Amino acid sequence: MIEIDQLTKVYDGGVAVDNVSMTVETGTITVIVGTSGSGKTTLLRMINRLEEPTSGVVRMNGDLTNSMPKHILRRRVGYAIQGHGLFPHYTVARNIGTVPTLLGWPADKIRARVDELLELFSLDPTQFRDRFPTELSGGQQQRVGVARALASRPDLLLMDEPFGALDPIIRAKAQTDLRSIQRALGSTIMLVTHDMEEAIHLGDRVAVMDAGRLVQYGTPTEIIRYPETDFVSEMVGGLDRPLRLLSLSTVSDIVEDGPAEGEALDVGMNLRDALSQCLWTGRDDAPVIRDGTVIGRVTIDAIRARAEGRQ
Ligand code: ADP
Ligand code: MG
């Protein structure tokens, strides 16, 4: 558990982070979302003490971070930033193994860990282990960057706009992958974004920041349904109605006749999940099953029509 207790950062120019308190449960993703300049990066960097707080403390599983030697803290906290920051002259394996190597892990343990992570990130180790960053696509580099941050099994992974540089389709895939990897490893993640949609999609909890203050902290549903300030309501405004409509309808409402390929969706699934399944697998439609029997299909067009309130 990460406890952030009345954390404040004052620069000459003003207050960047203003008395923020929040608790992050182990094994969850917390997304910090806000407009540019709202203090997200500063908040994140005070957690691993890349910035020293003006006042306030952070506890990690009960231990005060300001009384921990920095090298111990850096081992316990992974940090992944936009543009991934891979070492260009290191192979993929050496990049991922950077921290375990610094920690003096035996070579066979590092290799096993590297291969395990590559497999989790859908990068075949025999194909990717010895490549250099320039021999990877943007999305692959991003995955290697996250694998590197996770390699030493940190207590906490901090990610600052990690998907900012990716195009929308790769970005959606990267988000879904991160979600399933986080579930598989039980990692605790705090991720910063300016994109409310990303926050809603990824977060177990969403923390909304405005002008240095934490203005709301809750589950995605709470944030969408019960925005506590005008600012939060403005931030969810664009996606509120479509997603609300989708999560209130099921596949059975729009099932139609016709063929479709690939993994089937259950007729009782809500349309928001159905949409994310279609996007995840890159399909325009999917077969629909009831009690294991195919009864028709659902199309992205029909889901979109629902989201826009046209149907
Ligand atoms: P965000 O990540 O939400 O865009 P930041 O945490 O980077 O916001 O910045 C919050 C505020 O603090 C901004 O007004 C920014 O200009 C200011 N700030 C950030 N870093 C520094 C610094 N090193 N010195 C002075 N002001 C800073
Ligand atoms: Mg920032």
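**Exercise 1. Find which residues surround ligand 1, and sort them by type.**

Start with the shell itself. Tyr11, Ala16, Thr35, Ser36, Gly37, Ser38, Gly39, Lys40, Thr41 and Thr42 surround ligand 1, where a residue counts as near a molecule or strand if one of its heavy atoms lies within 4 Å of it. Before going on, please note that this is a predicted model, in which local features need pLDDT of at least 70, side-chain atom pairs count only at pLDDT 80 or more, and totals for chains, interfaces and linings use all residues. Residues are numbered from 1 along each chain as its sequence is written, chains are lettered from A and ligands numbered from 1 in the order in which they are written, and side-chain values use heavy atoms, with hydrogens and water left out.

Next, sort the shell: it holds two nonpolar residues, seven polar ones and one charged one. In this scheme Ala, Val, Leu, Ile, Met, Phe, Trp, Tyr, Cys and Pro are nonpolar, Asp, Glu, Lys and Arg are charged, and the others, Gly among them, are polar.

Finally, look at where the shell comes from. Helix H1 (residues 40-47) gives the largest share, three residues. Helices (H or I, at least four residues) and strands (E, at least two) are DSSP runs, numbered from the N terminus.

**Exercise 2. Locate polar contacts of ligand 1, then say how much of the ligand is covered.**

A polar contact is a pair of N or O atoms within 3.5 Å; within protein, one must be able to donate a hydrogen and the other to accept it, and residues adjacent in sequence count only if both atoms are side-chain atoms.

- Step one: a polar side-chain atom of Tyr11 is 3.5 Å from a nitrogen atom of the ligand.
- Step two: a polar backbone atom of Ser38 lies 3.1 Å from an oxygen atom of ligand 1.
- Step three: Lys40 brings a polar side-chain atom to 2.8 Å from an oxygen atom of the ligand.

Now the cover: on its own, ligand 1 has 560 Å² of accessible area, and the protein covers 54% of this. Such areas come from the Shrake-Rupley method with a 1.4 Å probe; for residues, only the protein chains shown count as cover.

**Exercise 3. Check the length of helix H7, and decide why it is described as largely enclosed.**

Begin with the length. The expected span of a helix is 1.5 Å times one less than its number of residues. For the 13 residues of H7 (residues 138-150) this gives 18 Å, and the end C-alpha atoms are 19 Å apart, which agrees.

Then turn to burial (buried means under 20% relative accessible area, exposed over 50%, partly exposed in between, with a 1.4 Å probe and protein chains only). Eleven of the 13 residues of H7 are buried, so the helix is largely enclosed by the rest of the structure. Among them are Gly139, Val144, Arg148 and Leu150.

**Exercise 4. Compare two loop residues with positive phi: buried, partly exposed or exposed?**

Asn61 sits in the loop between strand E4 (55-60) and strand E5 (63-64). Its phi is near 45 degrees, positive although Asn61 is a residue other than glycine. With a relative accessible area of 44%, Asn61 is partly exposed.

Asp291 belongs to the loop between strand E12 (285-290) and strand E13 (293-299). Asp291 is not a glycine, yet has a positive phi of about 50 degrees. At 75% relative accessibility, Asp291 is exposed.
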